[in-house]
Each structure stands twice: as C-alpha cells, then as structure tokens.
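These are my notebook entries on one protein model, written in the order in which I looked things up.

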Amino acid sequence: MRSRLAVLAALAPVALAAQDDLPPPDIAAVPTAPRWAIGMHGLVGAPIGDFARNVETTWGGGVDARWFLDRRGIVALRGDLALAGYGSRRGSVSLGFLGGGRATTRNTVAQGTIGLELAVPAGALRPYATAGIGLGVFSTQTSLDDDWRFQDAADRTRTQLEDGVMVRTLGGGLRARVSDAPGSRLLLDLGVRRAWSGPTTYATPADVRFGGGGTGVTVASRRTRTDQWLFTLGFTFTR
C-alpha cells in the first residue's frame, strides 16, 4: 500500500507539469451560427370565415430576413414581406369623347410583419416556430390598356380602393438542408402561418362594374374580417 502511495506521489508532479503544457481550449472553434439569413418563397393563402365566403384563394410571393440573437442561432428577430393577388377582371370602358377601350382591375394584399423565431439550428431537418405582428394593406387598382397612349402611364392607373389593417401571425415550418458548405448554406423551407386580421374594406372581382366613372370603372366594397392560412414554399440562404 505504501509503495502505491509513493508511486502516485512521485507521478503527481509529472501529471501537473504535463497538464500545464497543454494548449488552452480554442473557444473560436466552437460552432456558431451565421448572424443573418434571407429567404424567398411562393405563397398560397386559404381565407377563413367571412373572408372565405368572398375570396377563394390568394397567391403571390414574399421574402423574409432573420437576425440571430444568440451564438447558436436558436432565437432570431424575423421580418416578413409578402404581396399576393386575389382576383382580377377585364372589360370594356368608355370615357366619353376620349373614346372606348379595355381596362383591367386587380385586387392585391400586401403584408409586412416583424417578430421572433425559435428554430433548431443544425441537422438535416430543422423545425421552427414564429410569431409576428404588422400591417396588411388591401388594394384595388384599375389600369387602362395601351390603347390609351395619349395618356401618361401614371394617369392610366388609378387606385379605386385601399384599406389597411393590423395583422397578427403565428406559425411554424420545417427546413431541409440542401447545401451546408461554409459561405453558401442553402435550405429548402416549407412553412405555414395563421394570420388574424380585423375588419377590412376590400373589393372582389364580382364588385367591379365596367362602363362609367372617372376611369370607366366603378368598384363596390365589402367589409369583413380577413383571416387566412398562409402556406409557403421556398429557400433560405445564409453565409
């Protein structure tokens, strides 16, 4: 027993000296997430409630940007911008002594939100959840066709109806790794969000009448909530 203690006592200084010779841990080698990410996606909206009785589908596209708030990339500040259409109508109009021609009326909704995202930062499949708040703008515009060349391009387009509403969103999705090479990380992004909007004044193609009016078009309006599900598919890129 005494001989074992003597051996340990003799080896202790050697072990301590060897530990002192080891290089310090390389903190910079700890994996860290990029500071930002940008995404682009196509969008399909499924209206809910009163909005669904007037509009079947919205479709368009959007972009999102994330700024990571921690080293691992779990929490991010997220902003979203999207533009979608929900129907158009084309018909003949008459502007008195200016003659007649064709015009097209388009209905769109633009939406911008800012909020937070929680995500799994690594792996082949990376689920995430997001919540945001922002503004939605419904707009109906009429454009006179190129037959009206005697008018300026700006004069050939007129906003018939426009209304803004506060929007709240809650959703999530799944990202799949396509390329994880440093400097060119690319992920396939499939997402779904529920959007809550208050009462909004808007028009549908059925509310458009061609004939008289300042642009040869008259637009009626309706006012309901404009809640919808938003389904997105696109790509996320980060360096």
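Is glycine 49 buried, partly exposed or exposed? I find that glycine 49, at 37% relative accessibility, counts as partly exposed, where buried means under 20% relative accessible area, exposed over 50% and partly exposed in between, with a 1.4 Å probe and protein chains only. Glycine 49 is in the loop between strand S1 (36–47) and H2, and its C-alpha atom is separated by 9.1 Å from that of threonine 224, 175 residues apart along the chain.

Notes on the source. I am working from a predicted model, in which local features need pLDDT of at least 70 and side-chain atom pairs count only at pLDDT 80 or more, while totals for chains, interfaces and linings use all residues. Residues are numbered from 1 along each chain as its sequence is written, and side-chain values use heavy atoms, with hydrogens and water left out.

Overall layout. I noted two helices and 12 strands, taken as DSSP runs numbered from the N terminus (helices H or I, at least four residues; strands E, at least two). From the N terminus on, the order of elements is α-β-α-β-β-β-β-β-β-β-β-β-β-β. Of the 239 residues, 36% are buried. Among contacts (heavy atoms within 4.5 Å) between residues at least 6 apart in sequence, 69% join residues at least 24 apart.

Core. I then looked up the largest nonpolar core, a set of buried Ala, Val, Leu, Ile, Met, Phe, Trp, Tyr and Cys residues joined through side-chain atoms within 4.5 Å, and found that it has 13 residues, with Leu43, Phe51, Val55, Tyr86, Val109, Phe138 and Tyr202 making the most contacts inside it. Strand S3 (75–94) and strand S6 (157–179) each supply at least two residues of this core, and S3 gives the most, with three residues.

Aromatic pairs. The whole structure holds six aromatic pairs, counted for rings of Phe, Tyr and Trp (its six-membered ring) with centres within 6.5 Å, where planes under 30 degrees apart are stacked, over 60 edge-to-face and the rest tilted. The rings of phenylalanine 51 and phenylalanine 138 have centres 5.9 Å apart and planes at 80 degrees, so I entered this pair as edge-to-face. Because phenylalanine 51 lies in helix H2 (residues 50–54) and phenylalanine 138 in strand S5 (residues 125–144), the pair ties together parts that are 87 residues apart in sequence. Both of these phenylalanines are buried.

I also entered tyrosine 86 and tyrosine 202 as an edge-to-face pair, 6.5 Å centre to centre with 75 degrees between the planes. Tyrosine 86 lies in strand S3 and tyrosine 202 in strand S8 (residues 199–202), so parts 116 residues apart in sequence are tied together by this pair. Tyrosine 86 is buried at 4% relative accessibility, and tyrosine 202 is buried at 1%. Phe51, Tyr86, Phe138 and Tyr202 form one aromatic cluster.

Charges over rings. The charged end of arginine 175 sits over the ring of tyrosine 128, 3.9 Å from its centre; the criterion is NZ of Lys or CZ of Arg within 6 Å of the ring centre and within 35 degrees of the ring normal. Arginine 194 lies over the face of tryptophan 229, at 5.9 Å from the ring centre.

A buried threonine. My last entry is threonine 105 in strand S4 (residues 100–119), which is buried with a relative accessible area of 1%. Its side chain makes a polar contact of 3.0 Å with the side chain of threonine 142, a polar contact being a pair of N or O atoms within 3.5 Å of which, within protein, one must be able to donate a hydrogen and the other to accept it, while residues adjacent in sequence count only if both atoms are side-chain atoms.
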